[in-house]
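Subject: Structure for you to look over

Dear colleague,

Please find below the structure I promised to pass on, with its sequence. After it I set out what came up when I went through it, and I would be glad if you read the notes with the coordinates open.

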Amino acid sequence: MITAPALLLALMEGAVGAAVLALTALGLSLVFGVMRVINIAHGEFVMLGAIIAWWCSAELLGAHPVLGFLFALLVAPLLVGLVALAADWLVLRRINYDPERTIVATMGLLYIIQQSVLLLYGPDARPVEPPFYFRVQLPWFGYSGYKLIVIALALALLGATWLVLSKSRIGLYMRATRLDAETAQAFGVPVRRIYAIVFALGAMLAAVSGVLIAPMRQAHYLMGTDPLLLSFIVVIVGGLGNLRGTLLAALLIGLGDGMISVLFSPTLAKMIATLLVALVLIVRPGGLAREGAS
């Protein structure tokens, strides 16, 4: 029997999962929407963010954990963004962003990042000290204050990303490139530079989500698989490259995955999410949101 306390706990856990998943999936959707690149290595950018969070926590162990957390939030997206820029310049640009070849190229990037981290970091899962230990009293139980801060930070970053995409010149260039890269280039838009920025931005969003989840799930060199799988499910359900649809799907799937995992089992949650993808592909192949919405 599902009790009211269990239902509230499941809802809170689902909200945390949905907030972090929205960050990760938004980066993946942005890369596909603008570049038409399916980034198989996206989950490894999440993993790198978590590993950097562990490193910052370990290096600044003598200081307050908040300092290590804030330092990781600053350093992780910068370093992972540089990795993405290097991958764009060394690999993706050389194959002219061809959709089929980029799948193979980003798959190779996945193994390079994964095995490099295994070599330097090791195979063990390592805990990351949470920056906060306070609890917020809810009906029936106290809930982790850190997880509530994760929700707030994720929402703030999603809002900032949306403002950049909708109000800034670089966002205008991204939208123009997404609609028609050749025409945008004819009007003076530096398309290849926009591609590099978009790939780096997607990686930076993934890295931030890795920093946020590290204190809750530990840092491990194989931890990129689940974020990648769920992000692909969100992007497919929301509509490939559709940012509004991605956010809607992240909310639905994140809440559903978190609640089912708490109330029943994580395995059942993944099975239902996979079945949802099949159902959407059959009933509404363009995704939940209208085709072409941005």
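Contact, as I use the word here, means heavy atoms within 4.5 Å. This is a predicted model, in which local features need pLDDT of at least 70 and side-chain atom pairs count only at pLDDT 80 or more, while totals for chains, interfaces and linings use all residues. Residues are numbered from 1 along each chain as its sequence is written, and side-chain values use heavy atoms, with hydrogens and water left out.

With that meaning of contact, and not counting residues up to four places away in sequence, Val117 touches Met47, Leu48, Ile51, Gly122 and Tyr221. Val117 is also one of the buried residues of α4, a list that includes Thr102, Leu109, Ile113, Gln114 and Tyr121; buried means under 20% relative accessible area, exposed over 50%, and partly exposed in between, with a 1.4 Å probe and protein chains only. Helices here are DSSP runs (H or I, at least four residues), as strands are (E, at least two), numbered from the N terminus. The buried residues of α4 pack against α2 and α3. The helix α4 has 23 residues and reaches 32 Å from its first C-alpha to its last, close to the 33 Å expected at 1.5 Å a residue, where the expected span is 1.5 Å times one less than the number of residues. Just after α4, Gly122 takes a positive phi of about 100°.

The helix α8 (residues 191-217) invites the same check of length: its 27 residues should span 39 Å at 1.5 Å a residue, and its end C-alpha atoms are 38 Å apart, which agrees. There is nevertheless a kink of about 25° at Val211, shortly before the proline Pro215, the bend at a residue being the angle between axes fitted to the seven residues ending there and the seven starting there. Of the 27 residues of α8, 20 are buried, so this helix is largely enclosed by the rest of the structure. After α8 comes Gln218, whose phi is positive, near 70°.

A nonpolar core is a set of buried Ala, Val, Leu, Ile, Met, Phe, Trp, Tyr and Cys residues joined through side-chain atoms within 4.5 Å. The largest one has 84 residues, and those with the most contacts inside it are Val34, Met35, Phe45, Val117, Val198, Phe199 and Ile253. The largest share of this core, 15 residues, comes from α8.

Two residues show how α1 and α8 meet. Val34, in helix α1 (residues 4-35), counts as buried at 6% relative accessibility, and, residues up to four places away in sequence not being counted, Val34 touches Met174, Thr177, Arg178, Ile194, Tyr195 and Val198. Ile194, which is found in helix α8, counts as buried at 1% relative accessibility; leaving aside its neighbours within four places in sequence, Ile194 is in contact with Val34, Ile170, Tyr173, Met174, Thr177 and Val189.

How many aromatic pairs does a search of the whole structure find? The search finds five, where rings of Phe, Tyr and Trp (its six-membered ring) pair if their centres lie within 6.5 Å, and planes under 30 degrees apart count as stacked, over 60 as edge-to-face and the rest as tilted. The rings of Trp54 and Tyr121 have their centres 5.2 Å apart and their planes at 85°, so the pair is edge-to-face. This pair links distant parts of the chain, with Trp54 in helix α2 (residues 42-59) and Tyr121 in helix α4 (residues 99-121), 67 residues apart. Tyr121 is buried, with a relative accessible area of 7%. Phe69 and Tyr146 form another edge-to-face pair, at 5.8 Å centre to centre and 80° between the planes; Phe69 lies in helix α3 (residues 65-92) and Tyr146 in helix α5, so the pair ties together parts that are 77 residues apart in sequence. Phe69 is buried at a relative accessible area of 8%, and Tyr146 at 3%.

Charges over rings complete these notes. A charge sits over a ring if NZ of Lys or CZ of Arg is within 6 Å of the ring centre and within 35 degrees of the ring normal. Arg126 lies over the face of Tyr121, at 4.4 Å from the ring centre, and the charged end of Arg94 sits over the ring of Trp89, 4.7 Å from its centre.

With best regards
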